[in-house]
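Let us walk through this structure step by step. Keep the 3D view open as you read.

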Amino acid sequence: MQNISVKDIRNLLQAELLNGSEKWFVQHAIYYHRHDLTQSNTLMFVNKSDAINWKEIDKKGPSLVISDKTSSELKNALANTTVLQVKSIVQAYWKFIEYYRSLFQIPVVALTGTCGKTTTKEMIKHIASKDWNVQASVSSKNEPRQSLPYLTGIDDSTQAAVFELGLGNTGNIKHQCMIYQPTIGIITNIGVHHLDGCKNLEGYIKAKSEIVEGLTEGGTLIINGDDENTKKVPLQDFKGKIITIGIQQQADYRASKIQFTKTGMRFELQMFDKKYSIFVPGYGEHQVYNALAAIAAVKEMGMTINNAISRLRTFKPMARHLEFSTGIGDCTIVDDTWTNNPTSVEAALKVLDTIGKEKKVILVLGDIKRLGNFEEKYHREIGSMVAQRNIHTLITIGKRAEDIAKQAKKDGTNADVHIFTDVTGVLDVLKPKLDRDTIVLIKGPMSSRSMIEFANNLKDI
C-alpha cells in the first residue's frame with residue numbers, strides 16, 4: 001500500500017480526531033471483521049454495529065480506527081490507537097476508495113466469465129511481469145470482500161494490475177468495478193453458473209454485463225465473439241473500445257489452423273493484416289480463447305504482440321485445470337477438479353474427443369453446484385453429451401450427478417455406468433480398468449476435498 005498520513009486521511013474524510021496521534025503513516029487497510037488484523041500501521045473501517053476488541057487493535061498498533069460509532073462507544077480506545085469519527089462509515093469507505101484509486105494512472109484489467117478467467121488472468125500476469133511490477137488477485141480468490149486488500153496492494157512501484165471478478169449474486173461485479181475502476185475489461189465467455197444467486201440464465205447474463213458499465217470512461221472491452229450468451233450483453237450504450245476474439249467468427253484477434261501438440265495448442269493468429277504463429281501450453285480450444293484474450297489485453301496495456309507470444313510459450317498451466325499425469329497401471333489421469341459447471345464439463349469432453357482417440361475413456365463426474373432450480377436440467381444435458389460420445393465407463397459421484405448417469409442411460413450410452421453417493425468404493429471399480437490404454441477424466445468442484453483427494457490417489461506420485 002502507498003503510505004498515507006493519518007492527517008491527510010482525516011482531512012480527506014472530514015473526520016474528527018477522538019483519540020491518538022495523526023502524525024504517522026498508514027501502510028495497510030482492512031474492513032474490520034471482514035479481514036484479519038495482522039499488521040501494524042493498519043487503517044480499519046469499523047461499522048456502527050461492530051463490537052471492537054480494543055486490546056487486539058492496540059497490540060497491533062499504531063492502528064487507525066475509522067468509525068461512525070458514537071463518541072461514547074469510541075472512548076475506550078487505548079493509547080496506541082488513533083480514532084477518527086465520521087458521519088457515515090459507508091461514505092467514508094467509498095471516499096477513501098475513490099481517493100486511493102485516483103493516485104495511480106496505470107492499466108487495470110478486470111476479468112469475468114464462467115470459465116477461463118483465472119487462467120487468462122494468470123497468462124496476463126505471466127506475460128506482463130517480465131517487464132512490469134504487476135499487482136494481481138491471488139489464484140481464484142475473487143470474492144468481493146477481497147477487493148479492498150487487492151486494491152491497496154497497489155503502490156507507487158506498481159505498473160499494472162489484473163483482477164478477477166467473482167460473481168455469486170447480482171451486483172457483485174458492479175461493486176468490484178467501483179473499487180478497481182478497470183481500464184480494460186474481459187468477458188471470457190458466459191455459460192451457466194450461480195443461478196441460485198441470479199435466478200436464471202438471463203439474470204446471470206445481466207450480472208456479468210455489469211462489467212460494461214464498470215469500465216472507466218474510454219475503457220476497452222475484450223469479448224468472445226463466438227460466445228452466444230456474450231452476444232446478449234447490451235453494448236449499444238458503451239462508449240469505449242470493443243475488441244473481439246474468436247475462432248469460428250471473424251474477429252479482431254482470430255485463431256485458425258488449431259492443432260493439439262504434445263504439451264499444448266498451436267495456432268495461427270490473424271490480427272488485422274498480420275499473422276503470427278503461437279504456441280500456448282495446455283490443451284483445448286478453450287485454452288486458445290484464453291490465450292487470445294490475454295494477448296489482446298497485454299497489447300492494450302502497451303506491450304508488443306511478439307513479446308506476448310514469446311512469453312506465452314513459458315506459461316505454466318494451472319494445477320487441476322485439465323492437468324495430465326500418469327496414474328495407476330500407467331493410465332493417463334486428467335485432473336480437472338478446479339471448478340465444475342456445464343461450460344467447463346463440455347470443454348473437458350471436447351479435449352477428450354481429440355486426446356482420447358483410440359483410448360478407453362473413463363469419466364468420473366461429480367455434482368455441479370449453484371444451479372438453483374435448474375440443477376436437474378443441466379445435469380441431464382451433460383448426460384446427453386456423454387451419451388453422444390464413445391465412453392467406456394461413466395462414474396458419477398453425488399446426488400445431483402446421478403441425473404447425468406440416468407440421462408446417459410436414457411439416451412442409450414454404451415458406457416458401463418456406475419452411480420455413487422460419495423467416493424467410497426469408486427477406486428475398487430476403477431482399478432481393474434486402468435492400464436496404459438486408458439484415460440480418466442476426473443471432474444468435480446473445488447469444494448469437494450474428497451474428489452480432489454481421490455484424483456491424487458489415482459496419480460502415480
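**From a small cavity outwards**

Helix 11 gives three residues to the lining of the largest cavity, more than any other element. The model you are looking at is predicted. That cavity has a volume of about 30 Å³. Which residues line the largest cavity? They are Thr188, Asn189, Ile245, Tyr289, Asn290 and Ala293. The count of cavities of 30 Å³ or more comes to one.

Helix 11 turns up again in the largest nonpolar core. It spans residues 285-301 and gives 11 residues to this core, the most of any element. The core holds 123 residues. Five of them touch the most other members: Ile66, Ile124, Tyr253, Leu363 and Leu394. A general tendency fits here. In soluble globular proteins, nonpolar side chains tend to be buried together.

Take isoleucine 66 as an example. Residues up to four places away in sequence are not counted here. Isoleucine 66 then touches Ile9, Leu13, Leu43, Met44, Phe45, Val46, Leu84, Val86 and Ile89. Apart from the largest core lies another core, of 16 residues. Its members include Cys331, Val364, Phe420 and Met451.

Now turn to a sheet. Strands of a sheet pair through backbone hydrogen bonds, either parallel or antiparallel. Here nine strands form an open sheet with mixed pairing. Their order is 9-10-8-11-12-13-14-15-16. Which strands stand at the edges? They are strand 9 (134-136) and strand 16 (274-281). Each has a single partner strand, so one side of each is left without a neighbour in the sheet. From one strand to the next, the twist averages 20°.

Look at both edges in turn. Strand 9 pairs with strand 10 (residues 160-164) in the parallel sense, over three bridges. In one of these pairings, valine 134 has alanine 160 of strand 10 as its bridge partner. At the other edge, strand 15 (residues 264-271) and strand 16 run antiparallel, joined by eight bridges. Methionine 265 stands opposite valine 280 in strand 16. Strands 15 and 16 form a hairpin with two residues between the strands. In this hairpin, phenylalanine 272 takes a positive phi near 55°.

That value deserves a pause. Most residues other than glycine have a negative phi, and most peptide bonds are trans. Two further residues also go against the phi trend. Arginine 320 has a positive phi of about 65° although it is not a glycine. Arginine 320 lies in the loop between helix 12 (305-312) and strand 17 (323-326). Aspartate 330 has a positive phi near 65°. Its place is in the loop between strand 17 and strand 18 (332-336). Are these two residues buried or exposed? Arginine 320 has a relative accessible area of 17%, so it is buried. Aspartate 330 is partly exposed, at 41%.

The peptide bond has its exception too. A cis peptide bond joins glycine 61 and proline 62, with omega about 5°. Proline 62 sits in the loop between helix 2 (54-59) and strand 6 (63-67).

Another loop is worth a look. Leucine 37 lies between strand 4 (28-31) and strand 5 (42-46). Its relative accessibility is 10%, so leucine 37 counts as buried. What does leucine 37 contact, leaving aside its neighbours within four places in sequence? Its contacts are Ile30, Thr42, Met44, Glu56, Ile57 and Lys60. Glycine 302 is 265 residues from leucine 37 along the chain, and their C-alpha atoms are separated by 37 Å.

Next comes serine 147, in helix 6 (residues 147-151). Its relative accessibility is 0%, so serine 147 counts as buried. Serine 147 touches Gln176, Ile179 and Tyr180, not counting residues up to four places away in sequence.

End at the second largest pocket. Its volume is about 430 Å³. The lining has 17 residues, and Ser209, Glu210, Val212, Glu213 and Gly214 lie nearest the centre of the pocket. Helix 7 (172-180), helix 9 (201-208) and helix 10 (210-214) are the elements that give two or more residues to this lining. Helix 10 gives the most, with four residues.

Note on methods. Residues numbered from 1 in each chain as written. Predicted model: local features only at pLDDT ≥ 70, side-chain atom pairs only at ≥ 80, totals over all residues. Heavy atoms only, no water. Core = buried A, V, L, I, M, F, W, Y, C linked by side-chain atoms within 4.5 Å. Buried < 20%, exposed > 50% of the residue type's maximum accessible area, 1.4 Å probe, protein only. Contact = heavy atoms within 4.5 Å. Pairing = 2+ DSSP bridges. Axes fitted to C-alpha atoms, helices over the stretch in contact; angles between N-to-C directions. 1 Å grid on protein atoms, 1.4 Å probe; cavity = no way out; pocket = protein on both sides within 12 Å on 5 of 7 lines; lining within 4 Å. Points joined across faces, edges and corners; volume = space filled by probe spheres on them.
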